[in-house]
Amino acid sequence: ALCLKKEQFSQFGMVKFGKQIKRLADQEYVNHYIAYDVLKKALGVLVEQEKGRETGASDVAEVQQTFGEMSTGISCQSSHSRFSQLLQHELTKVNRFFALKLRTLLDKFKGAQRALNGYSSGHGQDEDPLSTAERFLEEAAEELVTLENFRRMNFAGFRKIAKKFDKTLSPESPQASLQWFFLPSLYREFFVSTSLNPQILSIAMGYAAIRRFRRGGAQAPQGAAPTSTARSTTTFWVMPAARLRSLFTLIKRFELVIPPSVNSSGTDLGSMNGQALTAELSKLIHAMGSEGLGQIPVELTLETTKVYLDLPSKGFPAYRQRLQMSQDSGTFHLRRTGPGVGMDVVEKDAALSALGVHAFTPLQEIKSPEAFPLTDTDGSEAAKLKAAAEAAQTSAQSGALAGLGQQGTARLVAFANEVASSDESLQRVATVGSSRWLLRGDTDSTQGVSIAFDEDVQISKSPGGPAAAADMDAIDFPYILMEVAGVDDSSKAKWLEELQGEAALRCVPDFSIGAHAVAALNKDLVG
């Protein structure tokens with residue numbers, strides 16, 4: 001998967017891009033960005049030379065200062081080839097600096113590791129090793145935020161200048177354009193293709209170890225979990241440009257849940273004490289190599305797909321129920337979170353269990369009355385739903401779901417009955433795909449709270465995952481969706497206040513991505 005998504009570089013408005021770099025770039029980084037304004041002038045020089053006209057002396061001087069005198073001299077090479085060489089010069093500069101910052105990050109992780117090891121062994125030289133470790137992790141998190149912004153803006157800059165070249169020189173065909181060969185190779189450049197997941201996981205492990213040590217090595221928060229009367233989740237919008245900063249704000253207080261993969265059951269950070277987490281952090285740092293450039297296959301997200309069904313011939317009744325914003329509206333969807341093909345569960349909209357006991361699919365067992373497995377059978381959507389509902393009812397009647405309790409079993413049976421009675425003409429009307437991060441509270445104030453952080457959200461009529469090889473109807477949702485379970489009054493949550501203070505979060509009361517998807521794909525029919 002590409003490490004830079006479209007939503008992460010699409011946040012630049014109408015302000016001239018060169019000015020945006022100077023305004024938004026960290027001062028330590030600014031001289032290492034793509035020389036966008038100079039490339040624009042170089043393009044102008046090449047165009048004028050191609051037409052046999054004189055070029056401005058000041059522009060020529062600035063281009064020569066950046067790229068050397070050969071960049072503007074007389075040449076038998078085509079403008080296409082000469083400009084490509086200038087782009088390669090800038091790519092080398094950006095890649096080199098990106099690698100340098102990864103080495104700097106490694107030093108910060110080693111500093112945090114030493115402090116944690118010192119605290120764990122009792123032989124550290126630091127008077128307050130946990131505070132020292134925390135300082136190193138905070139510096140690393142800030143560096144990663146800046147580095148991702150560096151990557152995002154440079155990627156956008158290279159795309160924009162390639163597009164400007166083609167627009168200026170008007171190639172005879174798409175295959176003759178600079179973008180035709182340059183953009184595919186851009187995705188393979190080191191600064192674009194390198195995953196930052198090992199660094200993110202290092203920060204998550206470091207903060208988790210600090211929390212364990214501060215509460216005496218306990219694996220879970222002490223004290224009773226806060227009671228919650230919420231019966232459904234709450235959804236917020238997060239700006240894509242604030243993605244990493246928002247994640248790190250959460251990681252300070254929440255456990256990052258490592259998802260199961262095709263070949264493993266995942267690493268459960270929540271089951272480790274401080275010593276075990278410190279040991280795992282040491283292994284991860286070692287795997288990064290002496291330069292911090294080791295490419296470690298670390299998956300921190302899983303593809304999540306939700307399918308929404310409705311009755312277009314009857315005026316989209318499920319869509320209209322979602323608009324009522326009632327917790328008891330009875331609407332449901334199909335979901336898969338994890339590898340596989342097709343949908344795995346039938347699930348109530350805004351189900352709390354989707355962020356908890358049923359977070360990953362396929363389900364090994366039913367642990368909540370809000371969802372049950374979807375059996376893979378032939379026939380219409382209604383027939384498949386009926387077969388799955390009947391299987392859930394059979395399990396309930398056989399006593400196999402005793403763990404739900406009498407009330408929970410009754411709720412599951414009621415939900416299954418409702419699904420089994422679905423109209424025969426029910427059909428799929430929207431698919432929502434995303435990449436999902438999962439976090440669970442790991443402090444006294446966040447215990448019992450779970451968060452799904454869905455990025456690269458894409459809406460389509462066809463089955464698929466995030467940024468799927470979608471049909472022409474695919475629509476990119478412009479925000480990250482943060483779904484929260486276990487919070488009664490979000491206005492009192494300090495971590496939410498911090499996200500709002502960073503201008504990263506937008507509260508949209510009673511938002512339903514299902515209703516939004518159906519409306520976006522069927523504008524003429526639901527209006």
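**Helix packing and long-range contacts in the predicted model**

Apart from neighbours within four places in sequence, Glu291 is in contact with Leu102, Arg103 and Leu106. The model in which these contacts occur is predicted. Glu291 belongs to the loop that joins α10 (274-287) to β3 (302-310), and its relative accessibility of 38% places it among the partly exposed residues. Between Glu291 and Leu106 the sequence separation is 185 residues, while their C-alpha atoms are 7.4 Å apart.

The chain contains 16 helices and 11 strands. Of its 527 residues, 50% are buried. When contacts between residues at least 6 apart in sequence are considered, 76% of them join residues at least 24 apart.

Helix α4 covers residues 79-121, a stretch of 43 residues. At 1.5 Å a residue, a span of 63 Å is expected for α4, and the distance of 63 Å between its end C-alpha atoms therefore agrees with expectation. Gly122, just after α4, adopts a positive phi of about 80 degrees.

Two helices that pack against α4 are described here, α2 and α6. In general, the packing of two helices is described by the angle between their axes and the distance between the axes. Helix α2 (residues 36-50) packs with α4 at an angle of about 165 degrees, and the two axes are 11 Å apart. Because this angle is over 145 degrees, α2 is roughly antiparallel to α4. The crossing of α2 and α4 is right-handed. On the α2 side, the contact is formed by Leu39, Ala42, Leu43, Leu46, Gln49 and Glu50, which meet Ser79, Arg82, Phe83, Leu86, Leu87 and Glu90 of α4. The residues of this contact comprise 7 nonpolar, 2 polar and 3 charged.

Helix α6 (residues 178-186) packs with α4 at an angle of about 20 degrees, with a distance of 12 Å between the axes. Because the angle is under 35 degrees, α4 is roughly parallel to α6. The crossing of α4 and α6 is right-handed. The α4 residues His80, Phe83, Ser84, Leu87 and Leu91 meet Leu178, Phe181, Phe182 and Leu186 of α6. This contact includes 7 nonpolar and 2 polar residues and no charged ones. Phe83 and Leu87 of α4 appear in the contact with α2 and also in the contact with α6. The spacing of such residues can be related to helix geometry: an α-helix has 3.6 residues a turn, so residues three or four places apart point the same way.

Helix α15 (residues 513-521) is largely enclosed by the rest of the structure, because 7 of its 9 residues are buried. The buried residues of α15 are Ile513, Gly514, Ala515, Ala517, Val518, Ala520 and Leu521.

Among the strands, β8 spans residues 450-460 and includes Ile459. The relative accessible area of Ile459 is 0%, so this residue is buried. Ile459 and Thr431 are 28 residues apart along the chain, and their C-alpha atoms are separated by 5.7 Å.

Definitions and conventions: Residues are numbered from 1 along each chain as its sequence is written. This is a predicted model: local features need pLDDT of at least 70, side-chain atom pairs count only at pLDDT 80 or more; totals for chains, interfaces and linings use all residues. Side-chain values use heavy atoms; hydrogens and water are left out. Helices (H or I, at least four residues) and strands (E, at least two) are DSSP runs, numbered from the N terminus. The expected span of a helix is 1.5 Å times one less than its number of residues. Axes are lines fitted to C-alpha atoms, for helices over the stretch in contact, and angles run from 0 to 180 degrees between N-to-C directions. Angles under 35 degrees count as roughly parallel, over 145 as roughly antiparallel, 65 to 115 as roughly perpendicular and the rest as oblique. A crossing is left-handed if the near helix is turned anticlockwise from the far one by less than a right angle, and right-handed if clockwise. Contact means heavy atoms within 4.5 Å. Ala, Val, Leu, Ile, Met, Phe, Trp, Tyr, Cys and Pro count as nonpolar, Asp, Glu, Lys and Arg as charged, and the others, Gly among them, as polar. Buried means under 20% relative accessible area, exposed over 50%, partly exposed in between (1.4 Å probe, protein chains only).
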